[in-house]
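Visitor: I have a structure open and would like to learn how to read it, feature by feature. Could you walk me through it?

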Amino acid sequence: MKKAIWIKAPIMNTLPYFKKKFLVDKELVKAYLDISAMGFFEAKINGKQVTDSLFNPGWTSYHNRVQVRRFDILPLLKREDNEITVLLGEGWGGSRRMGWDSPTRPYFYPSLIFEITLMYADTSIETISSDTHVDVYSSRIVASSIYDGEIQDETLRVKYIAKAEGSFITTNYVEYEGEDIVEGERIYPLKIFTDNGGNRVVDFGQNFTGYVEVNFKGKRGEKISFTPGEVLDKNGVFYNKNYRSAKSFYSFTFTGRADTFKPKFSFMGGRYIKLIDYPDDIEKENFVGIMVHSNIERTGYFECGNTLINQLYHNIIYGQLSNYLDIPTDCPQRDERLGWLGDAEVFARAAEINFNVLKFFKKWLKDMALEQKDSGAIEGVVPKVPGLDVLVSCGWADACTIIPYEMYLAYNDTEVLVDTFPMMKKWISYILSRGPNKYLWLGDNHFGDWLALDALYGESVGATDLDYLASAFFAYSTSIVIKVGEVLKEDVSYYKDLYKNIKKEFIKKFFVDGLPIGEKAVIGKTKKKTCYTETALVIALYFNLYEDNKDKLLNALIELIDEADGRMTTGFLGTPFILHALSDNGRSDYAYKLLLQEKNPSWLFSVLHGATTMWEHYDGINDEGDFWSEAMNSFNHYAYGAVYDWIFSNTLGIKRLSAGYKKIAIDPIPCKELGFAKGSIKTKYGTIYSSWYYQGDALVFEIEIPKGIEAVFIDGSGNERKIVPGKNRFYREEEII
Ligand code: BGC
């Protein structure tokens with residue numbers, strides 16, 4: 001964009017429309033539009049949309065870079081008079097209040113930049129650019145923002161306001177790198193009903209992220225307005241106090257004709273909507289929920305004979321779709337919806353099985369690298385919201401090593417490693433700079449084992465010692481730097497020494513007689529931080545931090561699980577690994593015990609309480625029907641959905657032996673309570689399919705692999721049998737878990 005300048009509208013009562021007319025008086029061979037915004041834009045040429053994708057130009061680290069989209073507009077142009085119109089909303093870049101607590105954070109003023117390039121048959125080139133000659137009109141959107149919803153009034157007259165003003169934006173332009181944001185599944189309501197508080201409520205039967213479309217012929221000037229909620233309270237009354245300051249209010253004014261309304265620049269999360277203003281004769285058929293998410297390709301499927309586990313899997317998929325909206329967010333409903341690193345990191349492995357998320361993550365990881373400070377520190381949220389300072393925490397910032405390495409393993413893409421290796425090394429130097437012990441990370445504050453249930457009931461930070469966690473993740477990230485360096489053929493001898501020393505110091509500092517120091521954690525009751533928790537033991541086992549002492553660690557973990565009545569007490573940092581730590585060390589019986597546990601805390605507790613997406617807390621609603629809290633209780637947080645990676649690699653037994661699934665082992669762990677299991681993953685070589693079912697006392701395994709993959713089946717006694725391309729069938733008679 002050579003001639004274009006950033007423009008904005010004067011202060012207005014509605015969202016602004018920008019309009020520029022131009023003439024095409026010769027034969028065209030090529031025509032394209034380059035366009036970007038601080039905010040969301042919807043561009044039309046001669047009244048026709050230039051793209052079906054939504055929320056353009058996506059969310060990046062705006063103070064570092066903004067994406068510019070290029071659209072082919074040749075088919076939309078005509079000889080003679082043409083016009084470009086652009087509707088501009090606050091979006092992410094022009095929002096004044098992203099993040100909690102603050103009604104007004106300084107972001108950019110909603111601004112727009114565009115340039116049309118016309119290439120004629122006579123080889124001449126003409127450009128039409130955004131400048132201060134662009135006309136600004138009012139629109140029929142009175143207000144629109146991500147958190148607060150949207151107000152549309154179709155009876156309003158669109159009026160000319162003024163010429164556009166120049167806007168002062170300095171940032172870099174980059175080509176569009178993300179996945180398009182699109183409309184997905186349409187969800188038709190189950191019912192419309194009056195709740196026990198007298199509210200008229202529409203139930204879509206599914207918690208989701210997106211918006212609601214209303215199709216209705218109302219009286220001119222009459223309104224429909226509503227607000228979403230995820231759950232009903234224990235008295236059967238609509239509830240959305242957990243949205244905190246996000247108003248999520250939607251209002252449409254009817255024209256008197258048959259209208260179709262949906263928001264343009266806002267999204268919500270919820271399963272229900274409470275009608276506020278509404279025509280008496282409105283029915284459930286007049287509403288459709290529309291899911292909105294990044295256009296990631298579905299690659300994984302799973303089904304088994306246990307309906308609760310199937311519902312859990314469903315919740316994981318819908319949780320992912322709900323929170324993969326250009327960046328990986330924590331939740332879609334309250335005043336956050338931010339790119340929390342910890343949530344993305346713990347779920348990444350499940351995510352890459354369910355969907356192809358390579359492109360999605362590559363873009364976000366670039367923003368992470370840009371947000372990294374000179375010291376190497378990475379705050380807990382990317383892209384950063386100006387004015388919102390977030391803790392630099394272990395387990396969150398380690399997303400900078402864990403996620404790129406996961407992407408490499410899943411897709412055999414080395415580019416993501418090349419892009420992120422400098423960030424990884426810089427992160428390690430940040431930890432090294434924290435002192436006082438060279439090989440441990442001590443004394444800093446962290447989010448810890450977030451939401452673990454072994455601290456005092458009601459606390460957000462679990463009982464696991466923060467220094468223990470920080471030092472363990474220091475070791476883990478260093479081990480990833482070594483592996484990545486080896487893939488990239490870099491000299492990693494320094495990191496190998498460092499890793500050895502961290503492990504040595506770690507054992508010395510946090511263990512006595514092979515057991516972690518501190519009091520044993522007790523579910524809901526641990527007052528003081530301790531190293532003796534389920535999470536601490538899981539992490540030592542899974543990160544291989546104390547290899548010659550695994551039996552003792554495992555026994556201690558089993559003991560803690562028994563003492564917690566067969567339940568896990570792990571939070572964000574322990575949960576993704578607990579089943580692996582058990583089954584990798586020969587205790588798949590305990591892994592299944594936890595997976596199939598129905599009492600709180602467990603994965604199935606929320607399923608049994610009607611969850612249709614993953615909950616932020618295992619007990620977002622407890623046995624008494626009470627909420628965990630008002631302040632922080634999302635019913636659409638994907639993090640605990642991390643468990644699917646265990647189901648995939650153990651129940652189905654699909655184990656990746658080399659990056660991209662070129663070499664695999666199929667080593668399923670069947671379980672009577674599941675009855676049968678079947679599932680698949682689409683890799684770049686084709687689809688891998690694994691299933692098992694019982695035939696009398698025998699187990700039948702049906703496995704299918706494409707050409708180009710080298711695979712072995714591990715039979716009950718640990719022997720390898722070759723799997724050939726196409727269909728394979730194996731039998732096993734053995735003890736069943
Ligand atoms: C978010 C989390 C996030 C956390 C940091 C919360 O408010 O919703 O999911 O990781 O803060 O601890």
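**Reading the model together**

Guide: Gladly! Let us begin with the ligand, whose surroundings are Asp330, Arg334, Glu336, Trp340, Asp343, Trp396, Phe447, Trp450, Phe572, Glu616 and His637. Keep in mind that this is a predicted model.

Visitor: How many of the residues in that shell are nonpolar, polar and charged?

Guide: The shell divides into 5 nonpolar residues, 1 polar residue and 5 charged ones.

Visitor: Which side chains make polar contacts to the ligand, and at what distances?

Guide: Look for N or O pairs within 3.5 Å. A polar side-chain atom of Asp343 sits 2.5 Å from a ligand oxygen. For Asp330, the distance from a side-chain N or O atom to an oxygen of the ligand is 2.7 Å. Trp396 also takes part, with a side-chain N or O atom 3.0 Å from a ligand oxygen. As for cover, the ligand on its own would expose 310 Å², and the protein buries 95% of that.

Visitor: Let us turn to cysteines. How many disulfides are there?

Guide: The test is whether two cysteine sulfur atoms lie within 2.5 Å. By that rule the count is 0. Take Cys394: its closest cysteine sulfur belongs to Cys400 and is 12 Å away, so the two are too far apart for a bond.

Visitor: And is Cys394 buried or exposed?

Guide: Buried means under 20% relative accessible area. Cys394 has 0%, so it counts as buried. Cys331 is likewise at 0% relative accessibility and therefore buried.

Visitor: Now a strand pair. In which sense do β17 and β18 pair?

Guide: For a pair like this, check the direction, then the bridges, then the turn. Strand β17, residues 191-194, pairs with strand β18, residues 200-217, in the antiparallel sense over 4 bridges. One place to look is Lys191, whose bridge partner in β18 is Asp203.

Visitor: What links the two strands, and what should I look for in the turn?

Guide: They form a hairpin with 5 residues between them. In the turn, find Gly198, which has a positive phi of about 85 degrees.

Visitor: One last residue, Gly726. Where is it placed?

Guide: Gly726 is in strand β40, which covers residues 726-733. Its relative accessibility is 26%, so it counts as partly exposed. To compare sequence and space, try Tyr689: it is 37 residues from Gly726 along the chain, while their C-alpha atoms are separated by 9.8 Å.

Key: Residues numbered from 1 in each chain as written. Predicted model: local features only at pLDDT ≥ 70, side-chain atom pairs only at ≥ 80, totals over all residues. Heavy atoms only, no water. Near = heavy atom within 4 Å. Polar contact = N/O pair within 3.5 Å; in protein donor to acceptor, adjacent residues only side chain to side chain. Areas by Shrake-Rupley, 256 points an atom, 1.4 Å probe, with all protein chains shown as cover. Nonpolar A, V, L, I, M, F, W, Y, C, P; charged D, E, K, R; others polar. Buried < 20%, exposed > 50% of the residue type's maximum accessible area, 1.4 Å probe, protein only. Pairing = 2+ DSSP bridges.
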